[in-house]
Amino acid sequence: MCRNIRPLFNFDPPATDHEIQDAALQFVRKLAGTTRPSKRNEAAFDRAVRSIADCARELLDSMETSQPPRNREEEAAKARARSAARFA
């Protein structure tokens, strides 16, 4: 759905509040169909972002896995390699 929303679970170090906030913002932007709400809808937009960020944090904190945490740099390198192969 949103290419800019990245998986945030099972990374070392864990997802930061800023990363979760960015994902929530991108999700709300996608749903609303706009990157910036009108002044009239700004409060509802901001409230939705906060609510989704809180739910996302709760989800990430409650999930469990037996897999070892993934390394952010390694995952980013894999993504760059996939992108290079795709657009080469």
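How are α1 and α2 oriented to each other? In this predicted model, the two helices pack at an angle of about 130°, with their axes 8 Å apart. Angles from 65 to 115 degrees count as roughly perpendicular and those over 145 as roughly antiparallel, and α1 and α2 are therefore oblique to each other. Their crossing is right-handed.

Let's look at who meets whom. On the α1 side, the contact takes in Asp 17, Ile 20, Gln 21, Ala 24, Leu 25, Phe 27, Val 28, Arg 29 and Ala 32. Facing them from α2 are Phe 45, Ala 48, Val 49, Ile 52, Ala 53, Ala 56, Arg 57 and Leu 60. By class, the residues of this contact divide into 13 nonpolar, one polar and three charged.

The second largest pocket involves these helices too. Its volume is about 180 Å³, and α1 (17-32) and α2 (42-62) are the elements that each give two or more residues to its lining. Ile 5, Leu 8, Phe 9, Ile 20, Ala 23, Ala 24, Phe 27, Ile 52, Ala 56, Leu 59, Leu 60 and Met 63 make up that lining. The class count is easy to remember: twelve nonpolar residues, no polar and no charged ones.

Here are the two sets of residues side by side, by class:

| Set of residues | Nonpolar | Polar | Charged |
|---|---|---|---|
| Contact of α1 with α2 | 13 residues | one residue | three residues |
| Lining of the second largest pocket | twelve residues | no residues | no residues |

Two backbone details deserve a look as well. Most residues other than glycine have a negative phi, and most peptide bonds are trans. Asn 10, in the segment before β1, has a positive phi, near 65°. The peptide bond from Asp 12 to Pro 13 is cis, with omega near 0°. You will find Pro 13 in the loop between β1 (11-12) and α1.

How values were computed:
Residues are numbered from 1 along each chain as its sequence is written. This is a predicted model: local features need pLDDT of at least 70, side-chain atom pairs count only at pLDDT 80 or more; totals for chains, interfaces and linings use all residues. Side-chain values use heavy atoms; hydrogens and water are left out. On a 1 Å grid over the protein atoms alone, a cavity is a set of points where a 1.4 Å probe fits but cannot get out, and a pocket is an open set with protein on both sides within 12 Å along at least five of seven lines; lining residues have an atom within 4 Å of a point. Grid points are joined across faces, edges and corners, and a volume is the space filled by probe spheres set on the points. Helices (H or I, at least four residues) and strands (E, at least two) are DSSP runs, numbered from the N terminus. Ala, Val, Leu, Ile, Met, Phe, Trp, Tyr, Cys and Pro count as nonpolar, Asp, Glu, Lys and Arg as charged, and the others, Gly among them, as polar. Axes are lines fitted to C-alpha atoms, for helices over the stretch in contact, and angles run from 0 to 180 degrees between N-to-C directions. Angles under 35 degrees count as roughly parallel, over 145 as roughly antiparallel, 65 to 115 as roughly perpendicular and the rest as oblique. A crossing is left-handed if the near helix is turned anticlockwise from the far one by less than a right angle, and right-handed if clockwise. Contact means heavy atoms within 4.5 Å.
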